[in-house]
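Reader: I am in my first year and find it hard to take in a whole protein at once. Please pick one part, go through it closely, and then show how it connects to what surrounds it.

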Amino acid sequence: LGDVYKRQADVGLVGFPNVGKSTLLSRVTNARPKIANYHFTTLNPNLGVVDLDGGKGFVIADIPGLIEGASDGIGLGHEFLRHIERTKVIIHIVDAASTEGRDPIADIKAINAELEAYNPELLEKPQVIAANKIDAIYEGENEIIENLRKTFEPEGIEVYPISAVSGKGVKELLFAVKALLAECPQDTIVFEQEFFPEDVLVNENLPFTVERSEEDPEVFLVEGPKTVSYTH
């Protein structure tokens, strides 16, 4: 089963909830991630292959949503950051239309701060910014995109206005990512096996006990070689 759980990822797609990560992934690949308007929809990376005309494709991973404090293990915490560690290029996707009132610049800085706190070497990975939802912006440009460029392009992080819904600007983004990948070391990065079925499958040879809690008669303590849990 080990090989089943190994996955290669070239590009990590990161951003706060509801900025359009899953929508972009479903547009540029054959992946069919679950898409819903609530936080932490994505618990594990959704992977898809990007096929570009006249060139080698690459694997993109929609990384689970992030909250501040991830480097301290809050929220999805180290699971989020471990997935980022395995990618070669990072795409920050932000809501350039600010449909939920978020500040895209603050969001990118918050994510990078978590990356640095977890492992400063993560900031050495090439990054680009996908300024999403330009379909909701009059004339496709606004002050948010202008400020993103002023803030991050001097640091070498290019900004690409896109619409994951209409597809506008997406091809330019993908070819820019491909160019960054071409400059990266060509060693393979894999998602190693993290789920071990033998640890959770029921085995009649593994005994367990069930006892009622002395402190609360409605609480039961289940104990055995593979599990310790409380159940109402």
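**Helix α4 and its surroundings**

Author: Start with the outward-facing side of α4, where Glu143 and Lys150 are exposed. Keep in mind that this is a predicted model. The helix runs over residues 143-152, and its buried residues are Ile145, Leu148 and Phe152. These three lie on the same side of α4, because they cover an arc of only 55° around the axis. The exposed Glu143 and Lys150 are on the other side.

What do the buried residues pack against? Their partners are the strands β5, β6 and β7 (158-161), together with helix α3 (104-118). The N-terminal end of α4 has a cap: a side-chain oxygen of Asn142 lies 3.2 Å from the backbone nitrogen of Ile144.

Next, step back into the loop between β6 and α4, where Lys133 is found. Its relative accessible area is 19%, and the limit for buried is under 20%, so Lys133 counts as buried. The backbone of Lys133 deserves a look too, with phi near 70°, a positive value in a residue other than glycine. Most residues other than glycine have a negative phi.

Lys133 leads to Asp95, which touches it along with Val19, Glu100, Pro104 and Asn132, leaving aside residues up to four places away in sequence. Asp95 lies in strand β5, one of the elements that α4 packs against. At 8% relative accessibility, Asp95 is buried. The side chain of Asp95 makes a polar contact of 2.5 Å with the side chain of Thr99. A polar atom of the Asp95 side chain also lies 3.0 Å from the backbone nitrogen of Ser98.

Ser98 sits in the loop between β5 and α3. Ser98 has a positive phi of about 50° although it is not a glycine. Unlike the buried Lys133, Ser98 is partly exposed, with a relative accessible area of 24%.

Strand β5 also brings in the interior. The largest nonpolar core has 24 residues, and Val11, Leu24, Phe58, Ile91 and Val177 have the most contacts inside it. At least two residues each come from β2 (11-14), α1 (21-28), β4 (58-62), β5 (89-95), β6 (127-132) and α5 (170-182). The largest share, six residues, is supplied by α5. Leu24 shows how far such contacts reach along the sequence: it touches Leu13, Ile93, Ile162, Ala164, Val170 and Leu173, not counting residues up to four places away. Apart from the largest core lies another, of 13 residues, and this one includes Leu148, with Ile105, Ala131 and Ile134 also among them. Leu148 is the link back to α4, being one of the buried residues of that helix.

Two elements that supply the largest core can be followed a little further. One is β4, in which five of the five residues are buried, so the strand is largely enclosed by the rest of the structure. In a regular strand the side chains alternate between the two faces of the sheet. In β4 both faces are covered, with Phe58, Ile60 and Asp62 buried on one side and Val59 and Ala61 buried on the other. Which strands pair with β4? Strand β2 pairs with it in the parallel sense over three bridges, and Gly12 stands opposite Ala61. Strand β3 (residues 46-50) pairs with β4 in the antiparallel sense over five bridges, and there Val49 has Val59 as its bridge partner.

The other is α1, which contains Lys21. Is Lys21 buried or exposed? It counts as buried, at 9% relative accessibility. The side chain of Lys21 reaches the backbone oxygen of Gly15 at 3.4 Å.

Finally, the whole protein. There are five helices and 11 strands, and buried residues make up 43% of the 232 residues. Among contacts between residues at least 6 apart in sequence, 64% join residues at least 24 apart. The protein exposes about 13100 Å², of which carbon and sulfur atoms supply 50%.

Conventions:
Residues numbered from 1 in each chain as written. Predicted model: local features only at pLDDT ≥ 70, side-chain atom pairs only at ≥ 80, totals over all residues. Heavy atoms only, no water. Core = buried A, V, L, I, M, F, W, Y, C linked by side-chain atoms within 4.5 Å. Buried < 20%, exposed > 50% of the residue type's maximum accessible area, 1.4 Å probe, protein only. Helix = DSSP H or I, 4+ residues; strand = E, 2+ residues; numbered from the N terminus. Contact = heavy atoms within 4.5 Å. Arc of directions from axis to C-beta. Polar contact = N/O pair within 3.5 Å; in protein donor to acceptor, adjacent residues only side chain to side chain. Pairing = 2+ DSSP bridges. Areas by Shrake-Rupley, 256 points an atom, 1.4 Å probe, with all protein chains shown as cover.
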